Amino acid sequence: MSVEMKIQMAKQFALNLKQRLDLFKTAQGQVKDRCPCCNQVLPNPYTQEWLGQQCGMTKATIVHYFQGNRMPTVIAIAKIAKALNCSIIDLLEGFDDINN
């Protein structure tokens with residue numbers, strides 16, 4: 001596998017991960033980022049740090065995945081999928097296009 005293909009895969013995974021975290025937040029009722037009364041920013045419990053804790057990974061590792069700097073192992077992908085209540089396939093969506 002070429003370096004360029006590995007980079008594309010990491011970037012695609014990062015995009016999928018961001019989308020899945022947004023969907024998870026919505027499903028958990030975390031859709032409003034500001035208080036409707038005072039417009040103050042509400043704390044977001046579903047952060048990259050939270051995801052790292054759920055997966056037994058450091059925040060730094062999760063940040064690398066979100067930035068597309070690293071491609072996680074299959075075991076890490078499975079842990080992330082479980083934490084975000086989605087399938088491994090959801091996190092790997094679009095990988096078919098990279099080979100074509």
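Which residue just after α3 takes a positive phi? In this predicted model, that residue is Gly-68, whose phi is about 75°. The surroundings of this position are described below, after an account of the overall fold and of the confidence assigned to it.

The protein chain contains six helices and zero strands, and its elements follow the pattern α-α-α-α-α-α along the sequence. The mean pLDDT of the chain is 82, with 80% of residues at 70 or more. Confidence is highest in helix α4 (residues 74–83), where the mean is 93, and lowest in helix α6 (residues 95–99), where the mean is 68. Of the 100 residues of the chain, 34% count as buried. The accessible surface comes to about 6,600 Å², and carbon and sulfur atoms account for 53% of that area. Among contacts between residues at least 6 apart in sequence, 57% join residues at least 24 apart.

Helix α3 (residues 59–67) has as its buried residues Thr-61, Ile-62, Tyr-65 and Phe-66. These residues lie on the same side of α3, because the arc that they cover around the axis is only 140°. This arrangement may be read against the general geometry of the helix. An α-helix has 3.6 residues a turn, so residues three or four places apart point the same way. The cover over the buried residues of α3 includes α1 (3–27), α2 and α4.

One part of the α2 environment can be followed through Gln-48, which is placed in helix α2 (residues 48–55). Beyond its neighbours within four places in sequence, Gln-48 is in contact with Ile-62, Val-63 and Phe-66. Of these partners, Ile-62 and Phe-66 also appear among the buried residues of α3. The C-alpha atoms of Gln-48 and Ile-62 are 6.3 Å apart, although 14 residues separate the two in sequence. Gln-48 itself has a relative accessible area of 26%, and is therefore classed as partly exposed.

The largest nonpolar core comprises 22 residues, of which Phe-13, Leu-17, Leu-51, Tyr-65, Ile-80, Leu-84 and Leu-91 touch the most other members. Two or more residues are given to this core by each of α1, α2, α3 and α4. The contacts of Ile-80, with neighbours within four places in sequence left aside, are to Phe-13, Leu-17, Leu-51, Cys-55, Met-57, Tyr-65 and Leu-91. Tyr-65, one of these partners, is also a buried residue of α3.

Helix α4 also contains Ala-78. With a relative accessible area of 32%, Ala-78 is partly exposed. Its C-alpha atom is separated by 6.0 Å from that of Ile-88, which lies ten residues away along the chain.

The count of salt bridges comes to one. In this salt bridge, the side chains of Asp-90 and Arg-20 meet with an N to O distance of 3.8 Å. Asp-90 belongs to helix α5 (residues 88–91) and Arg-20 to helix α1, so the pair ties together parts that are 70 residues apart in sequence. Asp-90 has a relative accessibility of 22% and so counts as partly exposed.

Key:
Residues are numbered from 1 along each chain as its sequence is written. Side-chain values use heavy atoms; hydrogens and water are left out. pLDDT is the predictor's confidence in each residue, from 0 to 100. Helices (H or I, at least four residues) and strands (E, at least two) are DSSP runs, numbered from the N terminus. Buried means under 20% relative accessible area, exposed over 50%, partly exposed in between (1.4 Å probe, protein chains only). Contact means heavy atoms within 4.5 Å. The arc is that of the directions from the helix axis to the C-beta atoms. A salt bridge is a side-chain nitrogen of Lys or Arg within 4 Å of a carboxyl oxygen of Asp or Glu. A nonpolar core is a set of buried Ala, Val, Leu, Ile, Met, Phe, Trp, Tyr and Cys residues joined through side-chain atoms within 4.5 Å. Accessible areas come from the Shrake-Rupley method with a 1.4 Å probe; for residues, only the protein chains shown count as cover.
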